[in-house]
Amino acid sequence: MPANILLVEDEPAIQELIAFNLQQAGHHVLRADSAEAGMSVVRNALPDLILLDWMLPGMSGIEFAKKIRSDERTRQVPVIMLTARSEETDKINGLETGADDYITKPFSPRELQARIKAVLRRRAPQMTDDLVEVKGLSLDPATHRVNGNGQPIDLGPTEFRLLHFFMTHPERVHSRAQLLDHVWGDHVFVEERTVDVHIRRLRSALEATRHDALIQTVRGTGYRLSAL
Ligand code: CA
């Protein structure tokens, strides 16, 4: 699935090369040539992942990563640090600041793709194309198909994303605000009761194969998908 990736890199040639590779892989790239510029991108809308150069003019990549990790709103955004070979010893520090991974320059487009995919799979599994299955209900992000016990289930785009998010985060309770953030997108101003409307539609689509029972209401808190 294409991700919105913020690339913070001050060297124009490297920025261009990485952005080109990411776009080739189907991602949408937001560019910044300093941590300060990266901050303002993040303030405007949360990216799905940040590729962050270590050595930047002004605020360093490390400081930027620390800020991302210490803010409630941005804490969950995966960060991959880009380092030069001479900075290898600093990597440990990078991981301590909360970066999810690091990649040493120069790297191949394939290596970059593999790292991005691995980090998204770990931190944001709803962003990947992996088929998910819970109790006979399967969802394939690559083909956009949902099946209940082998029968095709027709879902609207929002219900599809909602179900995908639930299936990749089973057994956890999500508040309406969290669902809005993850499924509708950050900074999208929709009322919380919109979530209830789409939950109702999702359940009714899942009724035919009785998978509606997987979507549970947790009183006073929100919703969860539970196979227990
Ligand atoms: Ca640099």
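## Exercises on strand pairing

In this predicted model, the bridge partner of L52 in β4 is M81.

**Exercise 1.** In which sense do β3 and β4 pair, and over how many bridges?

Solution.
- Locate the strands: β3 covers residues 49-53, and β4 covers residues 79-84.
- Take one bridge as a start: L52 is matched with M81 in β4.
- Count the bridges: β3 and β4 share 4, in the parallel sense.

**Exercise 2.** Give the strand order of the open sheet, and find what stands at the edges.

Solution.
- Write the order of the 5 strands: β2-β1-β3-β4-β5, with parallel pairing.
- Check the ends: β2 (28-32) and β5 (101-105) each have a single partner strand, so one side of each lacks a neighbour in the sheet.
- Add the turn: neighbouring strands of this sheet are turned by 20° against each other on average, direction ignored.

**Exercise 3.** Which strands do helices α2 and α3 lie across, and at what angles do the helices run?

Solution.
- Start with α2, residues 35-44: this helix lies across β1 (4-8), β2 and β3. The angle of α2 to β1 is about 160°.
- Go on to α3, residues 61-70: this helix lies across β1, β3 and β4. The angle of α3 to β3 is about 155°.

**Exercise 4.** Do β10 and β11 run parallel or antiparallel, and which residue of their hairpin takes a positive phi?

Solution.
- Place the strands: β10 spans residues 215-218 and β11 spans residues 222-225.
- Read the direction: the two run antiparallel, joined by 4 bridges.
- Pick one bridge: V218 has G222 in β11 as its partner.
- Inspect the hairpin: 3 residues lie between the strands, and G220 takes a positive phi near 75°.

Key: Residues are numbered from 1 along each chain as its sequence is written. This is a predicted model: local features need pLDDT of at least 70, side-chain atom pairs count only at pLDDT 80 or more; totals for chains, interfaces and linings use all residues. Side-chain values use heavy atoms; hydrogens and water are left out. Two strands pair if DSSP finds at least two bridges between them. Axes are lines fitted to C-alpha atoms, for helices over the stretch in contact, and angles run from 0 to 180 degrees between N-to-C directions. Contact means heavy atoms within 4.5 Å.
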